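Let's take a walk through this protein together, starting with the whole and ending with a few single residues. Keep the viewer open as you read.

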Amino acid sequence: MRYRMNTAADKVSHLIGCCLRDKAEAERMYRVIISGQTRKIDLITGSILLTPEEHAEFVARFSAEVEPTIWTSSFLKH
């Protein structure tokens with residue numbers, strides 16, 4: 001039986017949580033949702049389709065909450 005999480009209440013928070021738990025998943029969501037400008041993402045728990053407002057919220061929250069944790073700035077690398 002496949003585990004299903006109730007994501008209908010707050011899809012964006014669920015996606016952000018997935019990103020914060022797994023760097024590879026965060027990079028995949030970045031490619032699919034932000035770079036690809038797609039509003040649908042397939043997760044192990046099922047597909048999530050974002051409304052235009054949720055998509056905008058995801059992009060803003062990803063930039064604020066997730067990006068600083070997964071990409072090291074060039075200043076810190078040297």
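A residue is called buried here when its relative accessible area is under 20%, exposed when that value is over 50%, and partly exposed in between. By that yardstick, 33% of the protein's 78 residues count as buried. Please keep in mind that this is a predicted model.

Now for the overall layout. The secondary structure comes to four helices and two strands, and reading along the sequence gives the pattern α-α-β-β-α-α. Among contacts between residues at least 6 apart in sequence, 57% join residues at least 24 apart. As for the outside, the accessible surface comes to about 5400 Å², and carbon and sulfur atoms account for 54% of that.

Turn next to the interior. In soluble globular proteins, nonpolar side chains tend to be buried together. In this model the largest nonpolar core has 17 residues, and the members that touch the most others are Leu 15, Met 29, Ile 33, Phe 58 and Phe 62. Helix 1 (11-21), helix 2 (23-35), strand 1 (40-43) and helix 3 each supply at least two residues of this core. The largest share, five residues, comes from helix 1. Phe 62 is a good one to click on: leaving out residues up to four places away in sequence, its contacts are Ile 16, Cys 19, Ala 26, Tyr 30, Ile 34, Glu 67, Ile 70 and Trp 71.

Cys 19 brings us to the cysteines. How many disulfides does a search of the whole structure find? The search finds zero. A disulfide is a covalent bond between the sulfur atoms of two cysteines. For Cys 18, the closest cysteine sulfur is that of Cys 19, at 6.9 Å, and the cut-off for a disulfide is 2.5 Å, so the pair is too far apart for a bond. Both residues are buried, because Cys 18 has a relative accessibility of 14% and Cys 19 one of 1%.

Cys 18 also leads to a charged-type name in helix 2, Glu 25. Is Glu 25 buried or exposed? With a relative accessibility of 17%, Glu 25 counts as buried. Setting aside neighbours within four places in sequence, Glu 25 is in contact with Cys 18 and Leu 43.

Our next stop is His 55, which is found in helix 3 (residues 52-70). His 55 counts as buried because its relative accessible area is 16%. Which backbone atom does its side chain reach? The side chain of His 55 reaches the backbone oxygen of Ile 33 at 3.0 Å, and Ile 33 is among the core members that touch the most others. Not counting residues up to four places away in sequence, His 55 touches Ile 33, Gln 37, Thr 38, Arg 39 and Leu 50.

Finally, compare Lys 40, which has its place in strand 1. Lys 40 counts as partly exposed because its relative accessibility is 44%. Apart from neighbours within four places in sequence, Lys 40 is in contact with Val 32, Ser 47, Ile 48 and Leu 49. Lys 40 and His 55 are 15 residues apart along the chain, and their C-alpha atoms are separated by 9.3 Å.

Key: Residues are numbered from 1 along each chain as its sequence is written. This is a predicted model: local features need pLDDT of at least 70, side-chain atom pairs count only at pLDDT 80 or more; totals for chains, interfaces and linings use all residues. Side-chain values use heavy atoms; hydrogens and water are left out. Buried means under 20% relative accessible area, exposed over 50%, partly exposed in between (1.4 Å probe, protein chains only). A polar contact is a pair of N or O atoms within 3.5 Å; within protein, one must be able to donate a hydrogen and the other to accept it, and residues adjacent in sequence count only if both atoms are side-chain atoms. Contact means heavy atoms within 4.5 Å. A nonpolar core is a set of buried Ala, Val, Leu, Ile, Met, Phe, Trp, Tyr and Cys residues joined through side-chain atoms within 4.5 Å. Accessible areas come from the Shrake-Rupley method with a 1.4 Å probe; for residues, only the protein chains shown count as cover.
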